Structures are given as C-alpha cells and as structure tokens.
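Please work through the exercises below with the sequence and the model open beside you. Each task is followed by a solution that goes step by step.

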Amino acid sequence: MIAVTGASGQLGRLVVEGLLASQPASSIVALVRDPSKAAAWAARGVQVRQADYTQPAALTQALKGVDKLLLISSSEVGQRTAQHRNVIDAARQAGVKLVAYTSILRADSSPLGLAREHRETEALLRASGLPHVLLRNGWYTENYTASAPAAVQHGAVQGSAGTGRYSFAARADYAAAAVAVLTQEGQAGRVYELAGDTAYTLADYAAEIARLSGKPVVYQDLPEAEYAKALVQIGLPDFVAAMLAESDVGASKGALFDEGRALSRLIGRPTTPLADSLKAALQG
C-alpha cells in the first residue's frame with residue numbers, strides 16, 4: 001500500500017489523484033486530519049485514515065500495512081522537525097519499507113532559512129535506518145502566480161530578488177514526480193534536485209504578466225525589510241512576510257535556480273511553462 005500524508009492539502013490532493021490514475025484505489029491510503037474532507041476519495045475506494053503530525057500513537061496506527069509513504073512536509077514552519085520526527089518514528093514502528101520526503105532544493109547547502117528544518121528532517125531519516133528517497137523540490141510557480149491578478153491591478157510585481165533566477169515548476173509537476181517515485185522500484189537512497197526546465201527573473205515574470213494581460217506590469221526591486229513590510233501591509237503574518245522576503249534574497253544568490261532538469265526527466269515530459277500557469281491564475 002502507498003500512503004500520502006497531508007493528502008487533503010494542495011500537493012497531497014494532486015498526488016492521490018495521480019496515484020489513482022495507475023493504482024487500485026484500495027492500495028492507496030490518504031492520511032488526513034479531517035476524514036470528512038476526503039469523503040469523495042473514500043467513495044471511490046481509497047482508504048482514508050485519520051492522522052495528525054502531532055499525534056504519534058495515531059500515526060503509528062494509521063501507517064499499519066503501508067509499504068511506501070510520502071511524507072509531505074508540514075506547513076507549520078518552526079514546528080516541522082518535531083512533527084516530521086513523529087511521522088518517521090511511526091513509519092519505523094509500522095514497518096514502512098520506503099519513505100519519500102518532500103524537501104527543498106539543495107537542502108544540504110541552501111542559504112534559505114526555510115532549509116534548516118528540511119536538513120534536520122533529512123538527518124532524522126538517515127538516523128532512522130528507514131530506506132528513503134529525497135524529493136528536493138524547488139520553488140512552486142503558484143508561490144507567485146497566486147498574486148498575479150493583484151500585480152495586474154497595481155501594475156507591479158514587488159520582490160527582493162534582484163536579477164536572481166527562479167527555476168519555477170508547477171505544483172502538478174512536483175506531484176507527478178512524487179507519483180513516479182512511489183510507483184517505481186529502486187528508489188531508496190536517491191536524491192532528486194527538482195526544478196523547472198526554464199528559469200526566470202522576477203522582471204521576466206512581470207513582463208510575462210504584462211504580455212498575457214495586455215496591461216503594463218513592471219518589477220519593483222525592494223530592500224528585504226521594505227518588501228517584508230509591504231507583504232505585512234497586504235495582510236500576511238509577520239513571520240510569513242519575513243520568510244518570503246528572505247527567500248527572495250536567497251534567490252538573488254542562486255538558491256532557487258537549477259538547470260539539471262531532473263524533474264522533467266523523472267516525470268517524462270517538460271515541466272509546465274510559466275505562461276500556462278499564469279493564464280490559469282489570471283483567468284481564475
């Protein structure tokens with residue numbers, strides 16, 4: 001059986017749907033905090049089990065009979081390492097044969113503050129003795145396209161990345177990579193540095209928005225503190241704003257650029273073009 005943590009989340013939903021395309025529904029376990037959110041999958045024959053990163057005993061029970069587990073990193077920055085430790089310990093106790101973990105691009109050397117908990121989780125996996133595979137995901141295109149309509153409205157994309165390049169890939173591309181790893185043999189011990197085929201500066205990104213919308217949109221490069229302040233002003237929590245601004249600065253140093261094309265090789269197709277993701281965001 002193949003289990004997916006955080007199955008009702010944005011990435012998890014795509015992974016479960018991808019698995020359903022090639023695997024019997026009864027062999028898929030959707031681990032969710034609220035089973036009512038996965039009722040449609042249960043109706044299709046997926047095993048829906050209640051599981052919470054903060055409840056070790058329930059996790060061990062939920063992982064019984066599972067052969068392969070996709071551990072999707074927790075969204076609770078600052079609490080991830082402890083939560084992931086609970087899942088890893090439960091997987092070991094339940095006899096899981098392979099854990100795939102969604103880490104961050106070049107976690108072992110990344111200057112991003114976000115990388116710390118991923119490095120700690122990777123260390124926990126090594127120490128656990130569990131066979132595992134690392135899916136070091138780069139930046140999701142959706143991290144930026146979600147705000148594309150606002151960029152059109154205000155005529156600007158703001159950031160602190162300078163001329164740093166982002167190797168964006170769509171969330172669906174990373175989900176397809178997870179499905180490939182979970183359904184192929186011989187994955188234990190592998191480390192995949194996953195990123196989009198084409199890299200863009202934020203100026204490139206703004207120009208693409210302008211082209212698609214027919215409206216003038218430019219890139220405004222701001223100091224890190226000023227960008228964080230602007231993000232707070234549009235309603236983001238202080239810590240999220242600081243994290244995003246710090247990530248932009250990291251991108252200016254190459255932290256989110258990769259040209260290895262491991263992602264497109266793994267999924268057997270080119271990664272989703274930025275224009276396609278932007279069209280969907282602007283039409284939505």
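The exercises concern a predicted model, and they go from the sheet to the domains and then to the salt bridges.

**Exercise 1. The sheet**

Task: Work out in which order the strands of the open sheet lie, and which strands stand at the edges.

Solution: Begin with the order, which in this open sheet of 7 strands reads 3-2-1-4-5-6-8, with parallel pairing. Next look at the edges, where strand 3 (47-50) and strand 8 (191-194) each have a single partner strand, so that one side of each is left without a neighbour in the sheet. Then consider the twist: on average, and with direction ignored, neighbouring strands of this sheet are turned by 20 degrees against each other. Finally, take one pairing in detail, that of strand 4 (residues 68-71) with strand 5 (residues 98-104), which run parallel and are joined by 4 bridges; here leucine 69 stands opposite valine 99 in strand 5.

**Exercise 2. Helices on the sheet**

Task: Determine which strands helix 5 lies across, and which strands helix 8 touches.

Solution: Helix 5 (residues 115-128) lies across strand 5 and strand 6 (132-137), and runs at about 160 degrees to strand 5. Helix 8 (residues 171-183) packs on the sheet, where it touches strand 1 (2-4), strand 4, strand 5, strand 6 and strand 8, while its direction makes about 160 degrees with that of strand 4.

**Exercise 3. Two domains**

Task: Describe how domain 1 and domain 2 meet, and state which residues of domain 1 lose the most area to domain 2.

Solution: First set the bounds, which the domain assignment gives as 2-137 for domain 1 and 141-167 + 197-258 + 272-283 for domain 2. The centres of the two domains, taken over C-alpha atoms, are separated by 29 Å, and 8 residues of domain 1 are in contact with 9 residues of domain 2. Between them the domains bury about 730 Å², 65% of it on carbon and sulfur atoms. On the side of domain 1, Leu105, Arg106 and Leu112 lose the most area, together 57% of what that side buries. Across the interface there is 1 salt bridge, and the residue pairs in polar contact between the domains number 5.

**Exercise 4. Salt bridges**

Task: Find how many salt bridges the whole structure holds, and explain what the pair of glutamate 122 and arginine 136 ties together.

Solution: A search of the whole structure finds 11 salt bridges. One pair is arginine 106 with aspartate 258, whose closest N and O atoms are 3.3 Å apart. Another is formed by the side chains of glutamate 122 and arginine 136, at 2.7 Å from N to O. Because glutamate 122 lies in helix 5 and arginine 136 in strand 6, this pair ties together parts that are 14 residues apart in sequence.

Conventions: Residues numbered from 1 in each chain as written. Predicted model: local features only at pLDDT ≥ 70, side-chain atom pairs only at ≥ 80, totals over all residues. Heavy atoms only, no water. Pairing = 2+ DSSP bridges. Helix = DSSP H or I, 4+ residues; strand = E, 2+ residues; numbered from the N terminus. Axes fitted to C-alpha atoms, helices over the stretch in contact; angles between N-to-C directions. Contact = heavy atoms within 4.5 Å. Domains from an automatic or database assignment. Buried area = accessible area lost by both parts, 1.4 Å probe. Salt bridge = Lys/Arg side-chain N within 4 Å of Asp/Glu carboxyl O. Polar contact = N/O pair within 3.5 Å; in protein donor to acceptor, adjacent residues only side chain to side chain.
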